[in-house]
Every structure is written in C-alpha cells, then in structure tokens.
Amino acid sequence: MGLLQRTIEELSRPAILLGNGINRLQNTLPDWKTLLKELGAENLNFEGLTYNEIYDFIQINHGNDKALKKKIAQFLIPSEFDSLIPHSSFLDIAMNYRCPVLTTNFDLTLESTKELKFYRTQKKGFTRYYPWDKYSAEIQIESPTEGFGLWHIHGVSLHPDSIRLGLTDYMGSVEKARKLIHRGDSAIFRGKDRANWTGKNTWLHIWFNMPIIIVGIQLESQEVFIRWLLIERERYFRRFENRRKGTIFLSTGNDTNINNFLQNLNIQHKITSSIEDYSSLYL
C-alpha cells in the first residue's frame, strides 16, 4: 500500500487535488514551460515571470485568446496510451474509495484511461467559460461530495474557452468563486454558510466540505487560484472550527520551500519514503 492509499484511509474518503505531476511521470504530456514555448513564448525572457504572466504576454502579442486556447486543447492529447499505467492505477484507488478528484489539468487523459463519461449536477445555467458543475465518472452522482467524480477546476480541453492559464484567467476564477462563497461579505461567508448555497452543485462544495489530499502539484507562487482557495478554506474553518476537515500535501520532499505556506494553513506535509520513485506518490 502506497502513501496515497494510506493517507486516504487515514482521512476517511477525502477528495484529491491532482496536479500535472502524474502526466510528467512518463512524459505523457508536456510540462507548462514547453507548452508556453509551443504557444509562442520562445522569444520571451522567462526570468522573473510566472507562467501565468508569460501566457498573458503571449496573449497580448497574439491578440486572439480563443485561438490560443484551441491550440492548447489540440496540443494536450497523449500520443502513447501505453504510458497511462500510472493514471489507471491512480483512478483505481480514487474510484475504489469513492474519492472525488479535483484536477488542475486541462487534458482528457484520465477520462480516456477508464472511458469516463461527462455528466452535470444541474440542468440549467451551463457556461463553457466556467463549467464548474460538470464532471466525468462511470455513473452519475446526485451531489459533488456523494462519490467519485473527476472535476477540472482550471477548465477542460473539451471546452477550450474554459481553460485558465493566464493571470487574467485566474483573477476571473477568483472573482466567480468569491461571488459564490461570500455573496459580498467575506467576513461571514454569507454565500457558503447556508445549506442550499449557490455553489452546492459545483466542485467548490467538495472544497469546503471534505478532507483534501494534494498530490502532483508544487503549490508555488504561480498557483494563484489554488493558493487563494487554500487560504479561503482555512479562513472558513477558523470561522467554523467544528466544520474543519484535514488537508494533507504529499511530496518527495524536494519542495520544502513551501513549508511556511503549508504551516500557516494547517496543512500537513507527508513525504514518500520512495524518493527516487515519483510514481509512489499516486499509489
């Protein structure tokens, strides 16, 4: 039994926040730097810039955000499906324990691994820019927290307009989430602090109501939206301490630079004993 599975049993059916690390295990898909260069950043100096800012500069020079995001969607297609063993093993665990998966990845690699189908938790109000009520699974669920579902929180290649990559994109996501969570008053969580809140049919309901395991994401400063969400999660738990759920960050121990961030948010950092084997994080 690997670190992920042991941590799931410790937390008792948590959600999993999954980053691009799983795609990098066998070079299934390119890293973000390679992707940005493919989009037109080969002549940009990366020094002192986050990837989000670089994308915005590409967009400013290109002038057509819609075309850029369509290009991203086309670029994020795995070419060798025999390299998806880690994805299949990860999904076996998540589905067996009925853990919702919130992924920052845009690609459909996980869906193709298990032939998952897309569903929605509500029939009205769909927007291709923020399809936050849309998930993929083997069977439909009534509520986001009910069982396994795969939620693309930064957008999905199926809807290129939903892809959140630039700083401008992230600020749009923050603005939308704030309206759902707070409804104008961040001090008392006016939006979230009600049973039938506006975000109950979106992945945000998972974010504030379940324990979370974070894996495959570095949580560096460029992860603007995720870091803000983690801050809001801790702010929510400090106001409603009886609702607190655990948060655990899994890594190989090469990212101690974010320990201060984790400690301030009461996030436990667990390090795999198989340091040379990154795939052990997903088992």
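These are my notebook entries on aromatic rings, helix packing and three single residues in a predicted model.

**Entry: aromatic rings**

I searched the whole structure for aromatic pairs and got 13. I then looked at Tyr130 and Trp132, whose ring centres are 5.6 Å apart. Their planes stand at 85°, so I put this pair down as edge-to-face. Both residues are buried, Tyr130 as well as Trp132.

I looked next at Tyr236 and Phe237, which also form an aromatic pair. Here the distance is 5.8 Å centre to centre and the angle between the planes is 55°, and the pair is tilted. Tyr236 has a relative accessible area of 1% and is buried. I found the value for Phe237 to be 1% too, and Phe237 is buried.

Which residues do ring pairs link into a cluster with Tyr130? I noted Trp132, Trp203, Phe225 and Trp228.

**Entry: charges over rings**

I checked what lies over the face of Tyr130 and found Arg164, at 4.9 Å from the ring centre. Tyr130 thus appears twice in my notes, here under Arg164 and above in the cluster. I also recorded Lys33, which lies over the face of Phe46 at 5.3 Å from the ring centre.

**Entry: helix H4 and its partners**

I took helix H4, residues 51–62, and helix H8, residues 167–182, as one packed pair. Their axes are 7 Å apart and the angle is about 110°. Angles of 65 to 115 degrees count as roughly perpendicular, and H4 and H8 are therefore roughly perpendicular to each other. On the H4 side I listed Asn52, Glu53, Tyr55 and Asp56. They meet Leu167, Thr168, Asp169 and Tyr170 in H8.

I then turned to H4 and helix H5, residues 65–75, which pack at about 125° with axes 9 Å apart. That angle makes H4 oblique to H5. H4 makes the contact through Tyr55, Ile58, Gln59 and His62. From H5 I wrote down Asp65, Ala67, Leu68, Lys69 and Ile72. Tyr55 is on my list for H8 and on my list for H5.

**Entry: Thr121**

I located Thr121 in the loop between strand E3 (117–120) and strand E4 (134–137). Is Thr121 buried or exposed? At 16% relative accessibility I count Thr121 as buried, because the cut-off is under 20%.

Leaving aside neighbours within four places in sequence, I found Thr121 in contact with Asp133, Tyr135, Pro144, Trp151 and Asn201. For Asn201 I looked further: its backbone oxygen lies 2.4 Å from a polar atom of the Thr121 side chain. I also took the distance from Thr121 to Leu39, which is 82 residues away along the chain. Their C-alpha atoms are separated by 34 Å.

**Entry: Thr104**

I found Thr104 in the loop between strand E2 (101–103) and helix H7 (109–114). Thr104 is buried, with a relative accessible area of 6%. Which residues does Thr104 touch, not counting those up to four places away in sequence? I listed Leu17, Leu18, Gly19 and Asn20, together with Ile153, His154, Ile217 and Ile226.

**Entry: Asn242**

Asn242 sits in the loop between helix H10 (224–239) and strand E7 (247–251). I read its relative accessibility as 72%, so I count Asn242 as exposed. I compared its position with Gln59, a residue of H4 that I had listed in the contact with H5. Asn242 and Gln59 are 183 residues apart in sequence. From C-alpha to C-alpha I noted 45 Å in space.

Technical notes: Residues numbered from 1 in each chain as written. Predicted model: local features only at pLDDT ≥ 70, side-chain atom pairs only at ≥ 80, totals over all residues. Heavy atoms only, no water. Phe/Tyr/Trp six-rings, centres within 6.5 Å; stacked < 30°, edge-to-face > 60°. Buried < 20%, exposed > 50% of the residue type's maximum accessible area, 1.4 Å probe, protein only. Lys NZ or Arg CZ within 6 Å of the ring centre and 35° of its normal. Helix = DSSP H or I, 4+ residues; strand = E, 2+ residues; numbered from the N terminus. Contact = heavy atoms within 4.5 Å. Polar contact = N/O pair within 3.5 Å; in protein donor to acceptor, adjacent residues only side chain to side chain. Axes fitted to C-alpha atoms, helices over the stretch in contact; angles between N-to-C directions. Parallel < 35°, antiparallel > 145°, perpendicular 65-115°, else oblique.
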